[in-house]
Structure formats: C-alpha cells, structure tokens
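Reader: I am new to this structure and should be grateful for a close look at one part of it. Would you kindly describe how two helices meet, and then place that contact in its wider setting?

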Amino acid sequence: MKRAMKRDDLLQPQDREAGFILPVVMVALAVISLSIWAALSALESTRKDLSDLRADIRLQRTALVAEARVAYLLATEPLGAAGLRQGARRYRISDEFSAASESSEPVDPLANVLRFDNRAYEMSLGSDTVAEVRLQDEAGLLNLNILDQVALERLLRNLGAKEEAARQLAATLHDFIDADDLKRLNGAEASEYERAGQMPPPNRDLNQVSEAFSAFGWSSELPAGAAGRLAELTSTASATTPFNLNTAPQDVLRAWFDLTEDEAATVIRARETSLLVGPTSLTSLTGRPAQPSDFRLYAFPGRSIRLSVRLVNEPRGATHISWIRLAEAGDIYPYFVLGPEIDNPSSKFAERANEQDEDTPPRPFPFPVG
Ligand SMILES: [Ca+2]
C-alpha cells in the first residue's frame, strides 16, 4: 500500500501531464488565433476610422475654402433679390425692379447671378476634390420666430403630419416662443411641461431651429422624416427679416401662400427668368389671390446665407452646414461664420435634394478673380 502510494506520487503527475498537454496546446492555439483575428479586425476598423477621418478632414478643408469664397463674393459683389450679382454694377434695390434704370444700357437682374435658392453648384479643388455647394438665403425659409401659426400648420401637414397633430404642434411651438404664459388653444405653457417632467418653455425667440424640438409634443408627434426636412426649410431669423419669394423652396412657398405643388412649381419655373416682386407676382402666375402685407419686403435676401458643402464621389456623403452672416453696422468684421453642423448622410432631405437635381446638373461655382 505504501509502495503503491509512492508509485502513484511518482508516476501519476506525469500521466496527468501527458493527458493535459494536448488540450493546453489547443486552448493556447485557439487563444492565439483569436488574438490574431481580433488584431486583424482592429486593424481593419482602424483603417476604416482613418479613412473616415481623412474624409472628414477633406470635407472640412473644402468647406473652409467654400466659406472663404462665398464670404469674399458677399463682400465684393452686389447683392440682388435672387443672390449675388457677379460683375454687376451696384444699384439701389429699387433699380433692380425698374426697367428704366439710370444707366442707358438695359440691365438683366438675373444675368450671372449666384443663386441663393439651394441649387447645386460644383466647386473643384484640384483634380481629386470636387464639392457640391449650395447657398440658401434665410429670407427664403419659414421663420419660426414670426409665429405664423397658419403657415407652420400647412408646412407640417405638407410634411406628413395629420391635421390635428399639425394644429397642436404649431400651437405648442408658438406658446414655447411667445413671451406670455397664456396657453392658446391646443397649446402648452409651463404647467403642461411640469406635469410631463420637461423643462419649462423659454418664452423667447429661438436662436436655432433645433430648439424647436424641445417644444411640447415635438419629440413624439412629428411624422418620421419630418424633423430633417423642417430643419432644412425653417429659420430662426429676427422677426423683421424679409420673405424672399425668389429664394424660397417649393414647400415654403406652399406654406406661406397655400399653393398646391403644381402652383408652387409654376412659380419656381417663372423665377428662373424673371424676378418676383411680391405676392401680386404669385397671383398673376397662379390666379390665386395672395394678400401682400404692407409691412413686409418680399424680394430681398436676409442677413444670413446657409452654406451646404458635400464632397462628390465620397461614399459617406456627409454634408457640412454653416451660416455666413453679414455683420450689422458697428460690428468689427464684415461677416460671421456660424456652425458647422455635419448632416446625417441618410437624411430624407439629402435624398430628396438629390432626386430634385437629377434633371439639372450642378453648375460650376464661380471663383473670384484675384
Ligand atoms: Ca409662452
């Protein structure tokens, strides 16, 4: 017994070892294989990150060049109703709409205009970088700070909201912005927000469109895809900003003047060749009575231009969005650049904007001489 025990002590570990080595090797091999696989995946993902990073840098660099070009043009070329009039003589605003100008030569106010209606221009930066550049005048967008509940309701309905939801969303946004605490029909003031556990309404003008999505019901009641379109079609300019019929997208024209899609398309076709001076231009084009407000200018850009830059041939297709804002008297700089935001490439707007442009290839973006 004692001997057997001794023999066990001497031999058994070896036996155990022999039976143990193979699994250990197999486990080790599995671990090594897994590590190699993990390292390769990490390398692959690092390479993807690097390529995304390179694309981001290329986009930002391109957007900075585009900003500089637009700012230069804004500072040096006269502003007209539809955009920048390159190479044009400086006129008073009224000259643009009068056939008989002080000059003896006939003036075409739409000749050589860099349009602020969000159409695509193509800008080349060397041989391998081509960007699609769009400029949108803020005065062509639906200004949320004006509190036109009827126009906002129409816009929401046209973007897919049901009638009741559109009425409620327009009312709650206006209570969210207006200075008082009086709840309008379908609206919401501090007590509704408190009950829902939300921050109270700021009761002031919005500084950016994204703030609207904190209004009561806006995070839950908007139809799918509407948020991205709203962000593209609305602004938060000051209440004195004009309405520019010459730069408004189709959906904004429809919301302002209760036009059908066809009527708005007619207006947009007409402004390719002649400037629209006010709601009476719409009446003569569509037959639809449109009451002008005596207090509003309908045919001139606002102080801010939205610049959207996207690299052509870039698989991720991200869009760089910034605002170029002309300074007011007394400011040190001639303009300011606000932003940027990088737009989600899969947004409905991007898809739609691309669809709309199928028939009209981008025009070359003008490069300032000098
Ligand atoms: Ca309020």
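**A helix pair and its setting**

Author: In this predicted model, residues 24 or more positions apart account for 63% of the contacts in the protein with a separation of 6 or more. The protein contains 11 helices and 10 strands, and of its 370 residues, 32% are buried.

The part chosen for a close look is the meeting of helix 9, residues 261-270, with helix 10, residues 279-286. Their axes lie 10 Å apart, and the two helices pack at an angle of about 110°. Angles from 65 to 115 degrees count as roughly perpendicular, and helix 9 and helix 10 are therefore roughly perpendicular to each other. Their crossing is right-handed.

On the side of helix 9, the contact is made by Glu 263, Thr 266, Val 267 and Ala 270. These residues meet Leu 282, Leu 285 and Thr 286 of helix 10. By character, the residues of this contact comprise 4 nonpolar, 2 polar and 1 charged.

For the wider setting, one may turn to the largest nonpolar core, which has 63 residues. The residues with the most contacts inside this core are Ala 66, Leu 142, Leu 155, Leu 156, Leu 173, Val 252 and Leu 253. Helix 4, spanning residues 163-177, gives the most to this core, contributing 7 residues. Leu 156 may serve as an example: leaving aside residues up to four places away in sequence, Leu 156 touches Ala 161, Ala 166, Leu 169 and Ala 170.

Conventions:
Residues are numbered from 1 along each chain as its sequence is written. This is a predicted model: local features need pLDDT of at least 70, side-chain atom pairs count only at pLDDT 80 or more; totals for chains, interfaces and linings use all residues. Axes are lines fitted to C-alpha atoms, for helices over the stretch in contact, and angles run from 0 to 180 degrees between N-to-C directions. Helices (H or I, at least four residues) and strands (E, at least two) are DSSP runs, numbered from the N terminus. Angles under 35 degrees count as roughly parallel, over 145 as roughly antiparallel, 65 to 115 as roughly perpendicular and the rest as oblique. A crossing is left-handed if the near helix is turned anticlockwise from the far one by less than a right angle, and right-handed if clockwise. Two residues are in contact if their C-beta atoms, placed from the backbone, lie within 7 Å. Ala, Val, Leu, Ile, Met, Phe, Trp, Tyr, Cys and Pro count as nonpolar, Asp, Glu, Lys and Arg as charged, and the others, Gly among them, as polar. A residue is buried if 20 or more other C-beta atoms lie within 10 Å of its own, exposed if 12 or fewer, and partly exposed in between; C-beta atoms are placed from the backbone. A nonpolar core is a set of buried Ala, Val, Leu, Ile, Met, Phe, Trp, Tyr and Cys residues joined through C-beta atoms within 7 Å.
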